[in-house]
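Hi,

Here is the structure I promised to pass on to you. Please have a look at it first, and my notes follow below.

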Amino acid sequence: MPVPDLLDQLARAGPRGIEESPGSRAQVELCRQWGFQIQEKDNRFFLPFDSDSLVPVWIEQETPGIVWDRLRVEGFLAIGSTNEEGLARARGGDPGALLIYAETQTAGRGRKGRRWESPPGGGLYFTLVLKPAPDLNRWPLLTFVAGAALAQALIELGESEGFPARFAVDLKWPNDVLLGGKKAAGVLLETACSARGPAVVLGVGINVRPGCVPEELRLRASSVSDEAGALVARRKLLVRFLYFFQMGYSLFENGRHADILENWKRHSSMWDGVPVWIVEAEKSIPAVTCGLSDAGALRVRTVEGIVETILAGDVRLRRSR
Ligand code: ATP
């Protein structure tokens, strides 16, 4: 269900608002049900400006153009999965620089077919469709670009004036963002092909508001607002992420792959010298992390002293008792 056009019309109209017209009342009521604070006076509707609401025009206007002249933004109230939609667009030959977001995903995906819980009312669930430089073997590095960009956006937010707390950000290989040791965001990179060549479909899910972390995950997962002790504005966080992501993406486009990994490592405590379990099928093997390869694979040393390279496996922290 796409975001009603009315939201963009209201955003463009600003304090003038728009006159009620046949059909607009139903759209207003729908938007209100989804939490948009639309006001009305003398048969006119207004959308007060804030930094939380996800409105395509506001996201477009606020996103700085660093590597994209213009980011096209398409919003959905509910969708199966933003990555699924992104894959369909990419297969249809989308030229890239497209952001698809949703207020909720009914079938949000993580790695290896796992589910990403995406309840309405407080998360950021979005996908970027991109056409990066063609060294496909290096495309997985964009997961690291996204993780580092989110870390940078959160750190900047935590250091901004009047903000109540600094974030204890830690990046867990390969795709998780932890806050205070709990997972608050994840990245899912997929690829698709069309007659216009291959494309990257990069999905990000961020728990922003308290309450958007399902009960059964609360021991291992948290939200940005819970960790901050204050409500964090979703669009502000999204726009700062898009700024830092573009900075990292331009490193990628310039072949500065080592710099991308250095950025990521700066925000991770786990890539070197940390005891982990390597989870393979039914068994877990103890090992110690010992760096990243040029392509971003994790190197681990087993108890036998053998160094193995893990491309996309499952790694769990081994905590001392
Ligand atoms: P992990 O490393 O945490 O085992 P993963 O990196 O292999 O997970 P992901 O693709 O990042 O897998 O995410 C899917 C997993 O994350 C799910 O299996 C679930 O345990 C957890 N999860 C699902 N939804 C959320 C959420 N909204 N917030 C935090 N964690 C979630």
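**What I found around the ligand**

Let me start with Lys172: one of its polar side-chain atoms lies 3.1 Å from an oxygen atom of the ligand. Please keep in mind that this is a predicted model.

Two other residues make polar contacts that you may like to look at. In Arg114, a polar side-chain atom lies 2.2 Å from an oxygen atom of the ligand. Glu117 uses its backbone instead, with an N or O atom 2.8 Å from a nitrogen atom of the ligand. Taken alone, the ligand exposes 620 Å², and the protein buries 89% of that area.

Both Arg114 and Glu117 are also among the residues that come nearest to the ligand, together with Arg111, Lys183 and Asn207. In total, 16 residues surround the ligand. What kinds of residues make up this shell? Ten are charged, three are polar and three are nonpolar. As for the site itself, the ligand takes up the space of the largest pocket.

**Domains**

The domain assignment splits the protein chain into domain 1 (5-46), domain 2 (56-266) and domain 3 (272-317). Between domain 2 and domain 3, the C-alpha centres are 25 Å apart. These two domains do touch: eleven residues of domain 2 are in contact with 13 residues of domain 3.

Best wishes

Notes. Residues numbered from 1 in each chain as written. Predicted model: local features only at pLDDT ≥ 70, side-chain atom pairs only at ≥ 80, totals over all residues. Heavy atoms only, no water. Near = heavy atom within 4 Å. Polar contact = N/O pair within 3.5 Å; in protein donor to acceptor, adjacent residues only side chain to side chain. Areas by Shrake-Rupley, 256 points an atom, 1.4 Å probe, with all protein chains shown as cover. 1 Å grid on protein atoms, 1.4 Å probe; cavity = no way out; pocket = protein on both sides within 12 Å on 5 of 7 lines; lining within 4 Å. Sits in = over half its atoms within 2 Å of the grid points. Nonpolar A, V, L, I, M, F, W, Y, C, P; charged D, E, K, R; others polar. Domains from an automatic or database assignment. Contact = heavy atoms within 4.5 Å.
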